[in-house]
Amino acid sequence: MATKAKRMSIDYSSNPAVANFIEYLRIPSVQPNINYDECVSFLEKQAQGLGLGFKVYEMVPKKPIVVLTWVGLKPALGSVLLNSHMDVVPVFEDSWTYPPFSGHIDKDGKIYARGAQDMKCVGIQYIEAVRKLKKSGVQLQRTLHLSFVPDEEIGGVDGMEKFVHTKDFKALNVAFALDEGMACPTDEFVLFYGERSIWQIHVHCTGQPGHGSLLFPNTAGEKLRVIINKFMTLRDEQKNILDSNSKLTIGDVTTINLTQVHGGIQSNVIPEKLSVVFDCRLAVTVDHEAFENTIKQWCKEAGDGVTYEFEQKNPAVECTKLDDSNPFWVAFKESADKLKLKLSCRIFPGGTDSRYVREVGIPALGFSPMNNTPVLLHDHDEFLSADVFLKGIDIYTQLIPAVANA
């Protein structure tokens, strides 16, 4: 009780780091059709205040990638990239207790805003950690780049996915990257070293059309039933694997969800075509070629005129190694141990920009220092406690020099 009373007495709004966080949260960089100008101006101001290099790249017009740079003592060494995204997902304002872009702080020190967890918090924690390090006279061996990218929430296609294949990115000489993680309701800190591959599959079933009162053979509906049964049976199998082993997390299995069904013109007309969409996240242990061959076989078994196409098909990407072969992991782990952080190492359940960084051969870890915090990304009333936010800055002031001097 005494601890709670003490926390309630703190005026977090007067804390410069919290004020900076709230200013960033108040920029409504919400999907879709974002104007990123305010974010760019905000970040340019941060760079000027910290004496950091500032550069803006555009793979696609009006979709800026902002990079702040702290040159190291040995710039020839591979650099460290601290990545975050500027965009946030849409909101349903009527379901929020406080306006979602107000950055409201309640009496318990909870900061409410879209992006509080996902992931404007981490971007500001990077900035504030650099501020503390520079103020204390710390010098890093490796150059540090802070990247702020667009459109991560819609796949990063016009942001990081394109950026990693450019000469500009290669010129950054990135050897290791940190990116977003996720909140954890326990005292653990979750760390992600890999991601499942996103496959979004459209299966099209064609067949004999006709009057709804008849029993024609070879209808689209019969074929659709076969396809749905095949995918959903595999879903049940994966769910049983997850439920039967408490050591597994959702990122350790393949998830399959039926997300859309299209077709038909009238209730008494048998359609000539029906389509179904599945969102699949393939576990890192899945053989991609074998999985696609299975889909081909299911379409064959469903009957003639059944085809499939991909809306999204991520390649298999090697996970970041968590062993002595990765000096950045060794440095990160040693620093985390000194801080007595309880790390829970997992495969990320969704998709982040880390997958594009890993795809070009750069080790990357997903880490957001938010323990004892409910997972509220994309949820109503998204919040982060100010004390958790500030503790995260202190954690980064230890982790950043560790990996930048590895």
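**Close-up views of a predicted model**

**Figure 1. The largest nonpolar core and its best-connected members.** Of the 64 residues that make up the largest nonpolar core, those touching the most other members are Phe21, Leu144, Leu146, Phe148, Phe332, Phe367 and Phe389. Helix α11, residues 386-404, is the biggest contributor to this core, giving ten residues. All of these views come from a predicted model. As a general backdrop, nonpolar side chains in soluble globular proteins tend to be buried together. If you zoom in on Leu146, you will find contacts with Val66, Val67, Leu68, Leu82, Tyr126, Ile127 and Val130, leaving out residues up to four places away in sequence. There is also a second, separate core of 21 residues, and its members include Cys205, Ile227, Phe278 and Cys299.

**Figure 2. Met86 and its surroundings.** Met86 sits in the loop between β3 (79-85) and β4 (104-105). Is this loop residue buried or exposed? Met86 counts as buried, because its relative accessibility is 0%, and buried means under 20%. Setting aside residues up to four places away in sequence, Met86 touches Tyr24, Ser29, Tyr36, Cys39, Leu43, Pro64, Val66, Lys120, Phe148, Val149 and Pro150. One of these partners, Phe148, is among the residues with the most contacts in the largest core. For a sense of scale, Met86 and Ala302 are 44 Å apart in space, C-alpha to C-alpha, and 216 residues apart in sequence.

**Figure 3. Helix α8 within the annotated domain.** The unreviewed UniProt entry annotates residues 193-303 as "domain: Peptidase M20 dimerisation". This span is 35% helix and 32% strand, and its end C-alpha atoms lie 41 Å apart. Helix α8 takes up residues 288-302; at 1.5 Å a residue, its 15 residues should span 21 Å, and the end C-alpha atoms are indeed 21 Å apart, which agrees. At the N-terminal end, Asp287 acts as a cap for α8, with a side-chain oxygen 3.0 Å from the backbone nitrogen of Glu289. After the helix comes Gly303, whose phi is positive, near 130°.

**Figure 4. The buried face of α8.** Which residues of α8 are buried? They are His288, Phe291, Glu292, Ile295, Trp298, Cys299 and Ala302. Seen down the axis of α8, the buried residues fall within an arc of 110°, so they line one face of the helix. The spacing makes sense, because an α-helix has 3.6 residues a turn and residues three or four places apart point the same way. On the other side of α8, Glu289 and Lys300 are exposed. The cover over the buried residues includes β9 (197-206), α7 (220-243), β13 (273-282) and β14 (306-313).

**Figure 5. Ser275 and its polar partner.** Ser275 belongs to strand β13, one of the elements that cover the buried residues of α8. Ser275 is buried, with a relative accessible area of 8%. The side chains of Ser275 and His204 are joined by a polar contact of 2.6 Å. Apart from neighbours within four places in sequence, Ser275 is in contact with Val203, His204, Leu224, Gln260, Val261 and His262.

**Figure 6. Asp11 in a loop between two helices.** Asp11 lies in the loop between α1 (2-8) and α2 (16-25). With a relative accessible area of 47%, Asp11 is partly exposed. The Asp11 side chain makes a polar contact of 2.5 Å with the side chain of Ser13. Asp11 and Leu43 are 32 residues apart in sequence, and their C-alpha atoms are 25 Å apart in space.

Technical notes
Residues numbered from 1 in each chain as written. Predicted model: local features only at pLDDT ≥ 70, side-chain atom pairs only at ≥ 80, totals over all residues. Heavy atoms only, no water. UniProt positions renumbered as here; feature names shortened; annotations may be inferred. Helix = DSSP H or I, 4+ residues; strand = E, 2+ residues; numbered from the N terminus. Expected span 1.5 Å × (residues − 1). Buried < 20%, exposed > 50% of the residue type's maximum accessible area, 1.4 Å probe, protein only. Arc of directions from axis to C-beta. Contact = heavy atoms within 4.5 Å. Polar contact = N/O pair within 3.5 Å; in protein donor to acceptor, adjacent residues only side chain to side chain. Core = buried A, V, L, I, M, F, W, Y, C linked by side-chain atoms within 4.5 Å.
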